[in-house]
Structures are given as C-alpha cells and as structure tokens.
Amino acid sequence: AVFFRRVMKAFVVKLLGSPWLWGFAAALIIAAGFDFDELIVGSVRGFPNAASFKLRPSVPLLRLLLRRLSDQRPAAASGAPSLLAARRELGEDLAARLVAQGTEVIGHGGQR
C-alpha cells in the first residue's frame, strides 16, 4: 500500500509536469481553500512529518543488509586485501596487459 501511494504520487507529479496542467492544478487547489505550496512541498518531500522516521525497514531489505554486511571481506588493515583493493589490482593487471598488446589505456601509469 505504501509503495503504491509512492508510485501514484510520482505519476501525478510527472503528469503535472506541463506548465498548463500545473497551473490548472494550482488553481483547483487554491479554489478548494488549500495552500498550494504547502500541499505540493509536503507531498513530494521525502519525510513529510516526524512520524515518517518511525517506519521500520522491510524484512527483505534487512535480509539484504545482513547479507551484504556478512559477505564483506576483512578490512585491509588485517592483512587481507579488501574488495576494493582486489578490484583495483584486477583493473591494473588488465590495463597492463592491454598496454603490453599496444592498446592505449587512458589514465594508466599512475595518472589519476
């Protein structure tokens, strides 16, 4: 239900993207007695009120977080290479092989 509301809100904002529809919607909202700026800003803000901070993340999102945190390699300070260091080493090895074959590699050779 929450996701559906977000999708519908994004759809309405996208639909009102043309200036004449935006002006028409503003006129209707003002004619109904509402503050247009407060209504629009409050509806598209990420956290419209303090109660929004009390929402808990979904179970699948928590499982993904647990998996990502538990699958991490040890930090580089422990002697084992970090995932970033392993990727960098792989990239540097690939760049060196390309240079050896005569391919120009932009940024290779210590330039950053």
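**Exercise 1.** In this predicted model, identify which residues make the nonpolar surface patch of about 490 Å², and then place F4 in its helix and decide whether F4 is buried or exposed.

*Solution.* The patch is made by F4, M8, F11, V12 and L15, which together give a nonpolar surface of about 490 Å². Taking F4 from this group, we find its place in helix α1. The relative accessible area of F4 is 55%, and the cut-off for an exposed residue is over 50%, so F4 is classed as exposed.

**Exercise 2.** Determine where R6 is found, whether R6 is buried or exposed, and what distance separates its C-alpha atom from that of V44.

*Solution.* R6 is found in helix α1, which covers residues 2-15. Its relative accessible area is 55%, and R6 is therefore exposed. Although R6 and V44 are 38 residues apart along the chain, their C-alpha atoms are separated by 9.3 Å.

**Exercise 3.** Describe the second largest pocket by its volume, its lining residues, the elements that contribute to the lining and the classes of those residues.

*Solution.* The space in this pocket comes to about 180 Å³. Its lining consists of K9, V12, V13, L16, W22, A25, I29, F36, L39, I40, S43 and V44. Two or more of these residues are given by each of α1, α2 (19-31) and α3 (36-44), and α3 supplies the largest share, with 5 residues. Sorted by class, the lining has 10 nonpolar residues, 1 polar residue and 1 charged residue. V12 thus appears both in the nonpolar surface patch and in the lining of the second largest pocket.

Key
Residues are numbered from 1 along each chain as its sequence is written. This is a predicted model: local features need pLDDT of at least 70, side-chain atom pairs count only at pLDDT 80 or more; totals for chains, interfaces and linings use all residues. Side-chain values use heavy atoms; hydrogens and water are left out. Helices (H or I, at least four residues) and strands (E, at least two) are DSSP runs, numbered from the N terminus. Buried means under 20% relative accessible area, exposed over 50%, partly exposed in between (1.4 Å probe, protein chains only). Patches are made of residues with over 30% relative accessible area and no salt bridge: like charges are joined within 9 Å, nonpolar side chains (Val, Leu, Ile, Met, Phe, Trp, Tyr) within 5 Å. Accessible areas come from the Shrake-Rupley method with a 1.4 Å probe; for residues, only the protein chains shown count as cover. A salt bridge is a side-chain nitrogen of Lys or Arg within 4 Å of a carboxyl oxygen of Asp or Glu. On a 1 Å grid over the protein atoms alone, a cavity is a set of points where a 1.4 Å probe fits but cannot get out, and a pocket is an open set with protein on both sides within 12 Å along at least five of seven lines; lining residues have an atom within 4 Å of a point. Grid points are joined across faces, edges and corners, and a volume is the space filled by probe spheres set on the points. Ala, Val, Leu, Ile, Met, Phe, Trp, Tyr, Cys and Pro count as nonpolar, Asp, Glu, Lys and Arg as charged, and the others, Gly among them, as polar.
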